[in-house]
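Please find below a short note on the strand arrangement of the model under review. The points are numbered for ease of reply.

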Amino acid sequence: MSRSDVAAKKKTFDKNQKKPLQEHAKKMLEAFVKGVVMKNDPKAHNWGEGGFTFFEGYSARLTEDFERARHDFTQLAAKMLNARSASENTIRTLCLKAGQEYVKKWASSDEASPPSLETAAAGLVDTVLAEAGRTFIHIEPNFLVRHSVPDVVTIGRVKSVRTDLALGAAGIKEDGRVKIVAGNYPQQIWDGERYTLEMPASVWVVDVAATKDNVTEEAKWLIDVAISLMRLGATDWPGVIPKIGEPEPHPTFPTIHNQPHVTMEGETVFMGGRKVAGWYEVTAEIAEQLSSKDFQARADVLFDPADKSLGQRVAQGLGWMTRGRQAVDRAERLLAFFTALEALLTSDDKNAPVAETISRHISVICTQNLNSRSEIFKGVKKLYGLRSSVVHAGRRDVLGSDVKKLQFYVEAVYWTVLNRCELTMKQERFAKSLADASHGQQWEFGFTADEDDETKSS
């Protein structure tokens, strides 16, 4: 998806949606004005509990009424913007600036015609809600993917690319303001004319629709979604790929290979050693698979899914799959992998038993053989019992083999859904197909017996 496509999805708000927020804005501006310190104020230096703000020769107390009104405005605005586009700190700052600008206009206006409170409040609302339409190009170091060929791997809004090709992949002209080179990360050099950023051999280039404060967090999530889709979307990865059961290196933080420590048992001393972590090697064959028409179409749907669609659930789960592989603690891995499964397999029916439903649906997706389904159902339900003991009792009695088995099921489920289901279908339609098959029927999107055998052999 291009940046123009992202921008085209800009969220809009009508007058009725804006009205409650505008009322909060008026209350906040009125409270700010009441806190302005006048020249004859006998307590001009009494800052109060909320403190002061100083601006261009003016000062104002941040009164309790102002802080309460700003809090109410911020919470409502954040709810309207959603978590990706909402930064409470940004909204609070915009509120303060709006109050300052209103006071300055008031001071410079004719006493008989003070500035309109309605106009000032409407301006603040428009400024804050405009955060929903901001888009950025974000470039991060890439420590997880290596490119043995110069192909740019595009996965929805995320690109993995060799560092020397980064600016071109981002659509940025090399105009002298910034230069990105492969070198000694995280070195930054200013030569008086431009910044040179030294990165590892590969970087991520991400199109991010978010408020500026949330760009890094949102970019990391999009990268995580892309990694799982990439992992499942190509076959015959070179042998260095992180195996099932092995923690996966962080995609944007350096991997520490030397891990010095001292562990003692009686007179025996164990020293930390060197551990080489896995990575994803993009060869010509892998690049060809990831650039195929089917894969690109799938990625486009997942990075811009329709509301309440299967693609929306799959995209959410792919991100949690990556978080699960990144976690070192076995209990954390278990929770993240089950979050991925719940993202895909839970329904809107609040009365449905979650453990029972997920276990049955996993067994339906994994095989059409009824006897095998029974074994898978029992195995997943047992694992879900471990998940419950972690969440509700804080226990950590999770074996490596438990997490490895769960990761196998997670990847098998998502691989099957990605390859057998139309991602644009409604989630309700997908859930119904699983519910129908869980009563002993063949799953309509499942592999036939011949396809199942062929898949196992490959």
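The points below concern the strands, their pairing and a helix that packs on one sheet.

1. The coordinates come from a predicted model, and the remarks that follow should be read accordingly.

2. An open sheet is formed by four strands, in the order β3-β10-β6-β5, and their pairing is antiparallel. Strands β3 (135–142) and β5 (153–155) stand at the edges with a single partner strand each, so one side of each is left without a neighbour in the sheet. On average, neighbouring strands of this sheet are turned by 20° against each other, direction ignored.

3. At the β5 edge, three bridges connect β5 to strand β6 (residues 158–162), and the two run antiparallel. Within this pair, Thr154 stands opposite Lys159 in β6.

4. Helix α7 (residues 215–233) packs on the sheet and touches β3, β5, β6 and β10 (202–209). The direction of α7 makes about 115° with that of β10.

5. Strand β9 (residues 195–199) pairs with strand β7 (residues 178–182) in the parallel sense, over five bridges. Strand β9 also pairs with strand β8 (residues 188–190), here in the antiparallel sense and over three bridges. In general, strands of a sheet pair through backbone hydrogen bonds, either parallel or antiparallel.

6. Which residues stand opposite Tyr195 in β9? Val178 does so, and Trp190 does so as well.

7. The hairpin of β8 and β9 has four residues between the strands. In this hairpin, Gly192 takes a positive phi near 95°.

Terms used
Residues are numbered from 1 along each chain as its sequence is written. This is a predicted model: local features need pLDDT of at least 70, side-chain atom pairs count only at pLDDT 80 or more; totals for chains, interfaces and linings use all residues. Side-chain values use heavy atoms; hydrogens and water are left out. Two strands pair if DSSP finds at least two bridges between them. Axes are lines fitted to C-alpha atoms, for helices over the stretch in contact, and angles run from 0 to 180 degrees between N-to-C directions. Contact means heavy atoms within 4.5 Å.
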